[in-house]
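Take a moment with the sequence and the model below. We will walk through it step by step.

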Number of protein chains: 2
Amino acid sequence: MDAAAIRESFVRLWSSLGTFWGVPPTTAGVFGWLLSRSEPADAQEIMAGLELSRGAVSMACRELRAWGLVTAQRVPGSRRILYAPVDDLEKIVRNVVQIRKRREWDPILENLREWIPELEADPAPENAVFAERLRAMEALVELADSIVERFLKGGTVSNLGLKLLLGTSRGRGEKARDAARSRAAAAAEP
Amino acid sequence: MDAAAIRESFVRLWSSLGTFWGVPPTTAGVFGWLLSRSEPADAQEIMAGLELSRGAVSMACRELRAWGLVTAQRVPGSRRILYAPVDDLEKIVRNVVQIRKRREWDPILENLREWIPELEADPAPENAVFAERLRAMEALVELADSIVERFLKGGTVSNLGLKLLLGTSRGRGEKARDAARSRAAAAAEP
DNA sequence: CACAACGTTCAGAAAAACTTGAAAGTAGTG
DNA sequence: CACTACTTTCAAGTTTTTCTGAACGTTGTG
């Protein structure tokens, strides 16, 4: 498989990954395509490279800018805009996590906090189990929330990772992963 | 808002959450509906409760069983099957994470490991940036992988959470979250 | 064995999500 | 200001995903 084929597969993979972080495949594909190139590209190049319509490219780039995943720069003396991918992976993860948290987790927590007292006020016994489950859920979401919050505010990914990796009890047949782990930790903290 | 209305909103919320963990809304809705009840239910009740077709209920329940989120139990002396939601949140999270990891992350890692050496073998200089990005990505995915692996194999959620919460540097204006955190930690380790 | 009571399957309908392309907007230029 | 070179928008079309329902399979019963 040569470089061109790898690039193509990579873009395909990245496109299909879109669902995972909540954007349409084309949008994710544009980001992947940008990542696979060493230079920024303008809309026409993206159109040509991915066989997309002008409109699709425009919308994908807008979305990517909104996620903080690409930067746009105007070429002086022209209306052309060059798009470059943000390639700091940590920043990418942070942006995605932050936006999804706001969009998805925060509303959940709000709902739970509103529902639980109302359910508890209702004396019907068949609600007890439901209320209890909601309470457990609230606790878990709050916990997850504070972990994510801490990640967003502060520590680096590798920091976070190392804490977890080294701080927890060992000796459960983990040897196989040690090599990968060290490589990962070293590379993630450049 | 009375209990019935809360139940309804909860099911709606849970349905919309389906995308988040990778199942169709109806499937997620069935799980939410089961969670909102204190007793197991059979297919007919689910059909009636959610206005779904027989087929949809059957498929949703199969899927939920495959994810390890509901248990099925036959009523003795009848063909009827009662479905009960697994309500151990930690188990739920673990199952979802495990399945998604297998389906989505593992293939990514395999691809990266295959592509990187091939790209490095290609002398064309415009591949250097791409290769470098793939390496960074590999490192991050491997790190994430080992964290997830550890979570799947071992520590409890609250364990994991506490390690992170208490082990990392403090003093960045975190006071506001302390209350929520303690409640969460206490409730998650019953 | 035949019938009743359920569960399962899957081709096709319905709905949702995505993309296109043509029209409209805007910045540079002579 | 008129013209060109771009980008943005959005209604309509296309593709993908999800749901339905009728036909089929199984288990229990008399």
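Strand 1 of chain A and strand 3 of chain A, residues 81-85, run antiparallel and are joined by 2 bridges. Each bridge can be named by its partners. Ala41(A) has Tyr83(A) of strand 3 as its bridge partner. Asp42(A) is matched with Leu82(A), also in strand 3 of chain A. Keep in mind that this model is predicted.

Now turn to another pairing. Strand 2 of chain A also pairs with strand 3 of chain A, again in the antiparallel sense, over 5 bridges. One of the matched pairs is Thr71(A) in strand 2 with Ala84(A) in strand 3. These two strands form a hairpin with 6 residues between them. Look there for Gly77(A), which takes a positive phi near 75°.

Put the pairings together. In what order do the 3 strands of the sheet lie? The order is 1-3-2, in an open sheet of chain A with antiparallel pairing. Strand 1 (41-42) and strand 2 (70-74) stand at the edges. Each has a single partner strand, so one side of each is left without a neighbour in the sheet. A general point helps when you look at any sheet. In a regular strand the side chains alternate between the two faces of the sheet.

Next, find the helix that meets this sheet. Helix 2 of chain A lies across strand 1, strand 2 and strand 3 of chain A. Its direction makes an angle of about 85° with strand 3 of chain A.

Helix 2 of chain A (residues 25-35) also packs with helix 3 of chain A (residues 43-50). Their axes are 11 Å apart, and the angle is about 105°. Angles from 65 to 115 degrees count as roughly perpendicular. The two helices are therefore roughly perpendicular to each other. Which residues of helix 2 meet helix 3? They are Gly29(A), Val30(A) and Trp33(A). From helix 3 of chain A come Ile46(A), Gly49(A) and Leu50(A). By class, this contact has 4 nonpolar, 2 polar and no charged residues.

Finally, move to the DNA. There are 24 residues around DNA strand D. Those that come nearest are Gly55(A), Pro24(B), Thr26(B), Gly55(B) and Ala56(B). Helix 3 and helix 4 (54-66) of chain A each supply at least two residues of this surface, as do helix 2 (25-35) and helix 4 (54-66) of chain B. Which helix gives the most? Helix 4 of chain A does, with 6 residues. The residues of the surface near DNA strand D divide into 9 nonpolar, 8 polar and 7 charged.

Notes. Residues are numbered from 1 along each chain as its sequence is written. Chains are lettered from A and ligands numbered from 1 in the order in which they are written. This is a predicted model: local features need pLDDT of at least 70, side-chain atom pairs count only at pLDDT 80 or more; totals for chains, interfaces and linings use all residues. Axes are lines fitted to C-alpha atoms, for helices over the stretch in contact, and angles run from 0 to 180 degrees between N-to-C directions. Helices (H or I, at least four residues) and strands (E, at least two) are DSSP runs, numbered from the N terminus. Angles under 35 degrees count as roughly parallel, over 145 as roughly antiparallel, 65 to 115 as roughly perpendicular and the rest as oblique. Two residues are in contact if their C-beta atoms, placed from the backbone, lie within 7 Å. Ala, Val, Leu, Ile, Met, Phe, Trp, Tyr, Cys and Pro count as nonpolar, Asp, Glu, Lys and Arg as charged, and the others, Gly among them, as polar. A residue is near a molecule or strand if its C-beta atom, placed from the backbone, lies within 6 Å of it. Two strands pair if DSSP finds at least two bridges between them.
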